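The following exercises are to be worked with the sequence and the coordinates at hand. Each task is followed by a stepwise solution.

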Amino acid sequence: MTDLSLAQEALIAELRQICGPANVLTHGDPGADLSPWEQDWRKRVKGRALAVVRPGDTAQVAAVVKACAAANTPIVPQGGNTGLVVGGVPDGSGTQIVLSMTRMNAVRAIDPANLTITVEAGCVLQNLQAASEAAGFLFPLSLGAEGSCTIGGNLGTNAGGTQVVRYGNTRELCLGLEVVTAQGEVWHGLSGLRKDNTGYDLRNLMIGSEGTLGIITAATMKLYPQPAAQLTAWAAVPSMEAAVKLLGLAHQRLGPGLTGFEVMGQFALSLVDKHYPQLRVPLWKGTPWCVLLENSDSESESHARGQFEALLEAALEQGCVTDAVVAENLMQAKGLWHIRESITMAQATEGLNIKHDISIPVSRIPAFVAETDALLAQKVPGVRMVDFGHLGDGNLHYNVQAPEGADGPAFLREFEDQVNTWVFDQVKRFGGSISAEHGVGEQKVHKLPHYKDPTALAMMRAVKQALDPQNLLNPGRVLG
């Protein structure tokens, strides 16, 4: 180890004693490459860690936190490192420990009668889905990074995904947590109870706190019966107002069977068509918007198909749909969802862009999009809007692509902060939130005081001070 103080060397030696030498990585180790833990997913920021520590169980996490607290060394908890707001990588000081939870990936228990599954924080979401399915149940959280994101990270950011309209965010899917506090104590809260009215809701306090209040080590999550049928439809709609009208019809006709409702703008789909022509995007050329709907039915496929066809027939009659296709089989359905999930990568292939993860009351989304699109077109001539997202729960990924042929890095340098301010001001005016499902992290921490109620911020700071008075857990995130 080079260029480390005696105190840092002593801390690293203690951490190696706790977790084993192979599970504490430093820049001084021969051939060590810490960049997978130091680089954020979007490759916008790269920090430098004092060490990457990979504990194998909750007792090791608690011991690591106690050691770091004694040494006054900050800790950055990290799951799959798929976050989008720079909330899980170290700063550039070389003084922070990255606490990687990926070794803690076990499924601890499945309780069929209680409809719960208890897993460790490092369990990859896709593996949690597979374990649930193997036991005959559904775990409904689903998002693009599910092959690498972890349930601890999903809980830390209160991730959303494509089925929030029916099942809610990760918060609504969690019944209990095991958490290591900033002092290295363990809160054993994995009861799996649906009713526990014995004081403050610590579980919900930890969920969405982005690792700033405690370190989630395990969770008890809800399971659901597998649906008898799951059908997917793709519809062309003439306007955002028509998409909102279709959503209302879908709620009426499908009820709780409506498990997904995604909206995609024409330019967003044109990028998929341009960069992934093999995906064969349907209906997009003749319409400004397309909608992807999912109907999960507990009765039968024929019943689900009948519901879907009746819905689309009514929508055609009322003019909120101009054309539609219903997937004939699971392969076709997966193909339609793959198109939706490919928008992000197609946008990245097109070039650098400014991303927004915002929520607006559904009823106000058409006016927001029309006004804000026009505002940005006026401020930045030629700018291209990549509008898509979870219309069913009011969450838009309202992204801004540089004008065609423009220099991407130069566009970001000149316009990113201004565009963020213009968009966030509009979000505030329409009664929305500047972060719907990605969190605050480091990226939006300087913006939060301008858009969050000051009383709410004061309460949040009081909670942080009470639970983490040394400010050791993910400092500089959420509250700065």
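**Exercise 1. Helix H3 and its ends**

H3 is followed by Asn72, whose phi is positive, near 55 degrees. The model is a predicted one.

Task: Determine whether the distance between the end C-alpha atoms of helix H3 (residues 58–70) agrees or disagrees with the expected span, and describe the start of H3 and its buried residues.

Solution.
1. Helix H3 has 13 residues; at 1.5 Å a residue, these should span 18 Å. The expected span is taken as 1.5 Å times one less than the number of residues.
2. The end C-alpha atoms of H3 are 18 Å apart, which agrees with that expectation.
3. At the start of H3, the backbone nitrogen of Ala59 has a side-chain oxygen of Asp57 within 3.2 Å.
4. The buried residues in H3 are Thr58, Gln60, Val61, Ala62, Val64, Val65, Ala67, Cys68 and Ala69.
5. In reading such a list, recall that an α-helix has 3.6 residues a turn, so residues three or four places apart point the same way.

**Exercise 2. The packing of helix H8**

Task: Establish how helix H8 (residues 240–254) is oriented against helix H13 (residues 365–379), and then describe its crossing with helix H10 (residues 301–318).

Solution.
1. The axes of H8 and H13 are 8 Å apart, and the two helices pack at an angle of about 160 degrees.
2. That angle makes H8 roughly antiparallel to H13, since angles over 145 degrees count as roughly antiparallel.
3. The crossing of H8 with H13 is right-handed. Met240, Glu241 and Val244 of H8 meet Ile365, Pro366 and Val369 of H13.
4. With H10, the axis of H8 crosses at roughly 145 degrees, and the axes come within 10 Å. This crossing of H8 and H10 is right-handed.
5. On the H8 side, the residues that meet H10 are Lys245, Leu246, Leu249, Ala250, Arg253 and Leu254; their partners in H10 are Gln307, Phe308, Ala310, Leu311, Ala314, Ala315 and Gln318.

**Exercise 3. The surroundings of Asn353**

Task: Decide whether Asn353 is buried or exposed, and identify the polar partners of its side chain.

Solution.
1. Asn353 belongs to strand S16 (residues 353–354).
2. Its relative accessibility is 6%, and Asn353 therefore counts as buried, the cut-off being under 20%.
3. A polar atom of the Asn353 side chain lies 3.0 Å from the backbone oxygen of Gly351.
4. The Asn353 side chain also makes a polar contact, at 3.5 Å, with the side chain of Lys355.
5. Leaving aside residues up to four places away in sequence, Asn353 touches Arg42, Arg44, Gln347, Ala348, Val400, Gln401 and Leu412.

Technical notes. Residues numbered from 1 in each chain as written. Predicted model: local features only at pLDDT ≥ 70, side-chain atom pairs only at ≥ 80, totals over all residues. Heavy atoms only, no water. Helix = DSSP H or I, 4+ residues; strand = E, 2+ residues; numbered from the N terminus. Buried < 20%, exposed > 50% of the residue type's maximum accessible area, 1.4 Å probe, protein only. Polar contact = N/O pair within 3.5 Å; in protein donor to acceptor, adjacent residues only side chain to side chain. Axes fitted to C-alpha atoms, helices over the stretch in contact; angles between N-to-C directions. Parallel < 35°, antiparallel > 145°, perpendicular 65-115°, else oblique. Left-handed = near helix turned anticlockwise from the far one by under 90°. Contact = heavy atoms within 4.5 Å.
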